[in-house]
Amino acid sequence: MSFLGLIGLIIAMSLGSHFPIYQWPYEAFQGIAFALSFGLGLSVIISYVVTCVLFVIVASVFFMLGAKLSHCLFRTK
């Protein structure tokens, strides 16, 4: 489930891109870092750190959602 969440984030960030699909994760990462750096005025290093944290948060949230869904669907005793 966390993989699907990350794929969804990458697709949302790179859907209109002219780059090949195998470059979409890199472009999504760089796009978020650029938006934080240029748009919010953060330093480049802080932008990359915040982008990494954002990817970890998205993966964690979707992992927790998947765990809850798995527990509801496949109740084990």
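What is the mean pLDDT of the chain, and what share of its residues reach 70 or more? The structure is a predicted model, and the mean pLDDT of its chain is 91, with 97% of the residues at 70 or more. Among the elements of the chain, the lowest mean pLDDT belongs to H1, at 91, and the highest to H3, at 94.

The helices provide a convenient route through the model. Helix H1 covers residues 2-14, helix H2 covers residues 24-40 and helix H3 covers residues 44-73. H3 comprises 30 residues and extends 43 Å from its first C-alpha to its last, close to the 44 Å expected at 1.5 Å a residue.

The interior may be considered next. The largest nonpolar core consists of eight residues in all: Leu9, Ile10, Trp24, Ala28, Ile32, Leu36, Phe55 and Val58. Each of H1, H2 and H3 supplies at least two residues of this core, and H2 gives the most, with four residues. On H3, the buried residues are Ser47, Thr51, Phe55, Val58, Ala59 and Gly66. Phe55 and Val58 thus appear both among the buried residues of H3 and in the nonpolar core. The cover over the buried residues of H3 includes H1 and H2.

Ser14 illustrates how a polar residue is placed in this model. Ser14 lies in helix H1, and it counts as buried because its relative accessibility is 3%, where the cut-off for burial is under 20%. A polar atom of the Ser14 side chain lies 3.2 Å from the backbone oxygen of Trp24. When residues up to four places away in sequence are not counted, Ser14 touches Trp24, Glu27 and Ala28. Viewed from the other side, Ala28 is in contact with Ile10, Met13 and Ser14, its neighbours within four places in sequence being left aside. Pro25, which is found in helix H2, is partly exposed, with a relative accessible area of 39%. Its C-alpha lies 9.1 Å from that of Leu9, although Pro25 and Leu9 are 16 residues apart in sequence.

The aromatic residues form a further theme. A pair of aromatic rings is described by the distance of the centres and the angle of the planes. The count for this model comes to three aromatic pairs. In one of them, the rings of Phe29 and Tyr48 have centres 5.9 Å apart and planes at 20°, so the pair is stacked. Because Phe29 lies in helix H2 and Tyr48 in helix H3, this pair ties together parts that are 19 residues apart in sequence. Tyr48 is partly exposed, since its relative accessible area is 32%.

Why is the pair of Phe34 and Phe38 stacked? The ring centres of Phe34 and Phe38 are 5.3 Å apart and the planes stand at 5°, so this pair meets the description of stacked, for which the planes must be under 30 degrees apart. Phe34 and Phe38 are four residues apart in helix H2 and are therefore separated by about one helical turn. Phe34 is exposed, with a relative accessible area of 52%, and Phe38 is likewise exposed, at 66% relative accessibility.

One aromatic cluster is formed by Phe29, Tyr48 and Phe55. Phe55 links the two themes of this account, as a member of that cluster and of the largest nonpolar core.

Definitions and conventions: Residues numbered from 1 in each chain as written. Predicted model: local features only at pLDDT ≥ 70, side-chain atom pairs only at ≥ 80, totals over all residues. Heavy atoms only, no water. Buried < 20%, exposed > 50% of the residue type's maximum accessible area, 1.4 Å probe, protein only. Polar contact = N/O pair within 3.5 Å; in protein donor to acceptor, adjacent residues only side chain to side chain. Contact = heavy atoms within 4.5 Å. Phe/Tyr/Trp six-rings, centres within 6.5 Å; stacked < 30°, edge-to-face > 60°. Core = buried A, V, L, I, M, F, W, Y, C linked by side-chain atoms within 4.5 Å. pLDDT = per-residue confidence, 0-100. Expected span 1.5 Å × (residues − 1).
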